[in-house]
Amino acid sequence: MRSLRTEELILNMGPQHPSTHGVLRLLVTLDGENIVEVQPDIGYLHSSVEKMMEHRNYTQNIALADRGMDYLAALVNEMAILRAAETLADVPVPERARYIRTIFMELQRLASHLLWLGTYGIDLGAFTAFLWCMRERELIMDLFEATTGGRLHHVYFRLGGVNEDLPPGWTDRCREFCHYFLNRLDEYHRLLTGNPIWQARTQGVGVLTREQAIAFGACGPVARASGLQWDVRKSHPYEGYDRVDFRIPVYTEGDCYARYLVRMDEMRESTRIILQCLDQMPDGEVRAPRVPLNLKVPPGEVYTRVESPRGDLGVHLVSTGGETPWRVKIRAPSFVNLHALTEMMKGWKVADIIAILGSIDIVLADVDR
Amino acid sequence: MTPSRNPAGGFFPPELAARLRERFPQVRDAAEAAREALEAFEREQEERQRRYQEEVERAKAEGKPAPRPPRKEEPAVPRYRTPTFEVPREVFREVMEFLRDDPAFRMDYLSFVSAIDWKDRMECTYHLWSTVHNHELLVKVPVDRDNPRIPTVSDLWRTAEWHERETYDLFGVVYEGHPDLRRILLTEDWKGHPLRKDYVYEDPDWLVELARVRQSEISGVQPPLGERG
């Protein structure tokens, strides 16, 4: 019998593709239906935020971090810049402001995870999840809008506190939302967790072992689904996180289903954090007096991190004593998780590309910065 | 991992820092150097204050008006809120391997690789963290700014592959031994390295040409047929 000639096929996916959630191009090398290699081609959204930050003062940089980086977690980006600047300049932050920041960052995490769950549902053919998640996300957007005036881009945090206090009645609305949301979360579990199609598409797919996760520097839910028990909120507590009781969900399977479960559990924990913060929050000032808008940060260096919905978001701030930073290095969680994707994809079928890509929850603006 | 009250910039045990410097005497603790500089500054301030007191007493004895007190000065010593070590390029690979493999250190997680352009010099930066012990440090390696070259660490930590490509892209640092060193964020034909302080942006030729053609179209002056885009 004459043998058939076979060769590897290079499939170009993106940069405009509905499932890449942004402008990402994947060069997939296929052997029949099996994936041999995946090479992400990034940089389509590169705006050199790091360079722009060198020409703006710290207050302006808050707004820049809000817009220029991960647009689904704007408040966490603001916190990342603020944490570095406040640590280096020893800016005092009132207790109430710390709690308000914690509440808003957790609401942001909920909104981000909800958007992820909805779009991941669409990726895998579950349309209902998208509609439900958007419905709940809208309520969070309303809570944001009532306080910060913005839905996606807030510029609410300031050096030494937050812009202004919560409007009257906001805490009750927020508490009401949390209780409502916990019930909804049970509904999501009933819809998806036991769903045989959902399980078939995600269980055992795209496995990343613990060793690989550490070697690739994977972080956030991706690392926690691979058995790495690590959350910046616990390992380097900031704001109100050392005063509330919460759990780090960890799964050891390392597949897409584990990543899904980690995010589902995280949403429950986030709601618990918000409720505890609402109970504990003291009255008082929300912004430290006498912190100038064009603060001069003393010369020095610091590397601080915060836990963004996508993982460990680090900022290496180098100051020479001026109003603008000398150098800002932003360590983006999506960037490293996308690198880990090249390892996760090896050996899976072409139909699993979408399932694996969706499960790491990348934001391309965060990858490219 | 036990919940900790780590300082914001991270923590590195002093006994391990001492061990590192014992093993590699070339390694310099930046925070300690800053502390020494601060102490020297304070000594100098005391000395100035003492001299001023002497002058005051001399003036009093001679019946002259007292001289002005010296101006209060802020120390220009940098703060290192994250444990920082300066490592010379010669022992850099050895130090990194030691930090990763020694059971007391076990810095198995590389957070990022980057560089700082100081205009007159350049420093490559690495942030290491231990998933076992939860301690961390920054490693800084001075390199030649005109020809920045440094051995790769992508064989020690896979994550360095992309981070080194990014630093090569934005700073022009060449990582010797990197398996696939090419631009990652910018296009392959990009000129220069944008995060260097002396970088000047120039529009690429095709964009200049496009703008020229569009401009002539708007103004109604048609370029000669042969020159149309």
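**Exercise 1.** In which helix of chain B does B:Glu36 lie? Then classify its exposure and find the charged patch to which it belongs.

*Solution.* The model is a predicted one, and in it B:Glu36 is part of helix H2 of chain B, which covers residues 30–62. The next step is exposure: the relative accessibility of B:Glu36 is 48%, and because partly exposed is the class between 20% and 50%, this residue counts as partly exposed. Finally, B:Glu36 gathers with B:Glu39, B:Glu42 and B:Glu46 in a patch of negative charge on the surface.

**Exercise 2.** Locate B:Ala160, decide whether it is buried or exposed, and compare its separation from B:Leu110 in sequence and in space.

*Solution.* B:Ala160 belongs to helix H4 of chain B, residues 160–171. Its relative accessible area is 0%, and since buried means under 20%, B:Ala160 is buried. As for B:Leu110, 50 residues separate it from B:Ala160 along the sequence, while the distance from C-alpha to C-alpha is 7.4 Å.

**Exercise 3.** For A:Asp90 and A:Arg290, give the sign of phi, the loop and the exposure class.

*Solution.* Begin from the general expectation that most residues other than glycine have a negative phi. A:Asp90 has a positive phi, near 55°, and sits in the loop between helix H3 (74–89) and helix H4 (95–123) of chain A; with 45% relative accessibility, it counts as partly exposed. A:Arg290 also has a positive phi, near 60°, and is found in the loop that runs between helix H11 (256–280) and strand S6 (300–308) of chain A; because its relative accessibility is 79%, A:Arg290 counts as exposed.

Methods: Residues are numbered from 1 along each chain as its sequence is written. Chains are lettered from A and ligands numbered from 1 in the order in which they are written. This is a predicted model: local features need pLDDT of at least 70, side-chain atom pairs count only at pLDDT 80 or more; totals for chains, interfaces and linings use all residues. Side-chain values use heavy atoms; hydrogens and water are left out. Patches are made of residues with over 30% relative accessible area and no salt bridge: like charges are joined within 9 Å, nonpolar side chains (Val, Leu, Ile, Met, Phe, Trp, Tyr) within 5 Å. Accessible areas come from the Shrake-Rupley method with a 1.4 Å probe; for residues, only the protein chains shown count as cover. A salt bridge is a side-chain nitrogen of Lys or Arg within 4 Å of a carboxyl oxygen of Asp or Glu. Lys and Arg count as positive and Asp and Glu as negative; His and the chain ends are not counted. The place of a charge is taken as NZ of Lys, CZ of Arg, CG of Asp or CD of Glu. Helices (H or I, at least four residues) and strands (E, at least two) are DSSP runs, numbered from the N terminus. Buried means under 20% relative accessible area, exposed over 50%, partly exposed in between (1.4 Å probe, protein chains only).
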